[in-house]
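Okay, thanks for making time, everyone. I'd like to walk you through one structure today, so let me put it up on the screen.

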Amino acid sequence: MSIGIKTPEEITEMRLACRLAAEVLDYVTPFVKAGVTTGKLDQLCSDYMTQVQHTTSATLNYQPPGYSPYPASICTSLNHQVCHGIPGGKALKKGDILNIDVTVVTPNGFFGDTSRMFIVGEGSIFARRLCQVTFECMWLGIAAVRGGAHLGDIGHVIQRHAEGNGFSVVREFCGHGIGRRFHEEPQVLHYGTRGSGPELKPGMIFTIEPMINAGKAAISELPDGWTIVTKDRSLSAQFEHTILVTETGAEVLSLSAGCEPPPKLITGALAENTARAIAALPSAPQP
Ligand code: MF3
Ligand code: CO
Ligand code: CO
């Protein structure tokens, strides 16, 4: 087991890659409304990446062993879809909840990975609570990060918050190291035991991306070979940030001007530094 420690030069490259991924989400946000198809959102993001940012999508034609090539530039996971939903011709309608997951590759070959939930129209109180608790789960995981902490500390706080709110944590997919490759060591589980797993060291970079189900944790895969859904067809939500481990905490790399600041239950230096960093960023360039 070896988890890479990024050099200062690599960290600079990763700040750029992750901000660009977040800016794709900022760009597409105003288009996410009733009537638009997820295929249209994919086309908008693809054009933005290639023509405005001069990045490429890490997901387009991505083919891990045993999979068919992933056919789109973003993942769009709707309602009971957990992750890896394939954009298509279906139009969004009021009350839908949608995760959009963006991974870009910069011209220098660095990967930035982030995802957010979107609620179409007002959404039900229940759907909004699932999204809020999932957002809090991600941020509690981020707040558990610092040099000297353990990987299991992250999963522990996420699981406690999700299950404490009556929801469940998807087990089969996890966060991951990231850098010059899409998926590196370590695997960042979103459940587990405090103090378990490898010790975190400054310079490690990985994602935290909890998938939280309103019902049971079990999942199934659709015949398209990619889309993961809840087995009980209950709603599922996910947020994802890419994180740098520092001596005293975490630096969130996938920030952009349109990024939501940490929730109220996050306090102290992490909350203050993150809110300040978001406020200092210029808006994403428009085409
Ligand atoms: N972006 C996803 C992650 O967070 C991976 C998507 S792989 C795809 O790890 F092929 F489904 F796009
Ligand atoms: Co990821
Ligand atoms: Co992702």
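**Two cobalt ions and what sits around them**

Let's start with Asp-113, which counts as buried at 3% relative accessibility. By buried I mean under 20% relative accessible area, while exposed is over 50% and partly exposed is in between, with a 1.4 Å probe and protein chains only. The areas come from the Shrake-Rupley method with a 1.4 Å probe, and for residues only the protein chains shown count as cover.

Quick housekeeping. This is a predicted model, where local features need pLDDT of at least 70 and side-chain atom pairs count only at pLDDT 80 or more, while totals for chains, interfaces and linings use all residues. Residues are numbered from 1 along each chain as its sequence is written, chains are lettered from A and ligands numbered from 1 in the order in which they are written, and side-chain values use heavy atoms, with hydrogens and water left out.

Back to the metals. Which residues hold the cobalt ion (ligand 2) as protein donors? They are Asp-113 through OD, His-176 through NE2, and Glu-209 and Glu-240 through OE, lying 2.0 to 2.2 Å from the ion. A donor here is an N, O or S atom within 2.8 Å of the metal (3.2 Å for Na, K and Ca), and water is not among the atoms, so sites may look incomplete. Along the chain, the donors of ligand 2 follow the spacing D-x62-H-x32-E-x30-E. Asp-113 lies in strand β5 (residues 111–119) and Glu-240 in the loop between β13 (236–238) and β14 (241–245), so this pair ties together parts that are 127 residues apart in sequence. Strands are DSSP runs of E, at least two residues, and helices are runs of H or I, at least four, numbered from the N terminus. Glu-240 is buried too, with a relative accessible area of 0%.

What about the geometry at ligand 2? The site is irregular, with angles of 50 to 164 degrees among its six donor atoms. For that label, four donors count as tetrahedral if all angles lie between 85 and 135 degrees; four count as square planar and six as octahedral if opposite donors are over 155 degrees apart and all others between 65 and 115; anything else is irregular.

Now the other cobalt ion, ligand 3. Its coordination comes from Asp-101, listed twice through OD, plus Asp-113 (OD) and Glu-240 (OE), at 2.1 to 2.4 Å. The spacing of its donor residues in sequence is D-x11-D-x126-E. This site is irregular as well, with angles of 58 to 166 degrees among its six donor atoms. How far apart are the two cobalt ions? They are 3.3 Å apart, and Asp-113 coordinates both.

On to ligand 1, which is surrounded by 14 residues, the closest being Thr-59, His-176, His-183, Glu-209 and Glu-240. Near, in this case, means that a residue has a heavy atom within 4 Å. Some metal donors turn up again here: polar side-chain atoms of Asp-113 and His-176 each lie 3.1 Å from an oxygen atom of ligand 1. For Glu-240, an N or O atom in the side chain is 3.0 Å from a ligand 1 oxygen. Taken alone, ligand 1 exposes 340 Å², and the protein buries 97% of that.

Away from the metals, Arg-15 is in helix α1 (residues 8–28) and is partly exposed, at 36% relative accessible area. Leaving out residues up to four places away in sequence, Arg-15 touches Leu-244, Glu-251 and Leu-253, where contact means heavy atoms within 4.5 Å. With Glu-251 there's a side-chain to side-chain polar contact at 2.7 Å. A polar contact is a pair of N or O atoms within 3.5 Å; within protein, one must be able to donate a hydrogen and the other to accept it, and residues adjacent in sequence count only if both atoms are side-chain atoms.

Last, some backbone oddities. Most residues other than glycine have a negative phi, and most peptide bonds are trans. Asn-79 has a positive phi, near 55 degrees; this residue is in the loop between β2 and β3 (81–83) and is buried at 16%. Arg-233 has phi near 60 degrees, again positive, but Arg-233 is partly exposed at 48%. Finally, a cis peptide bond joins Glu-185 and Pro-186, with omega about 5 degrees, and Pro-186 sits in strand β8 (residues 184–188).
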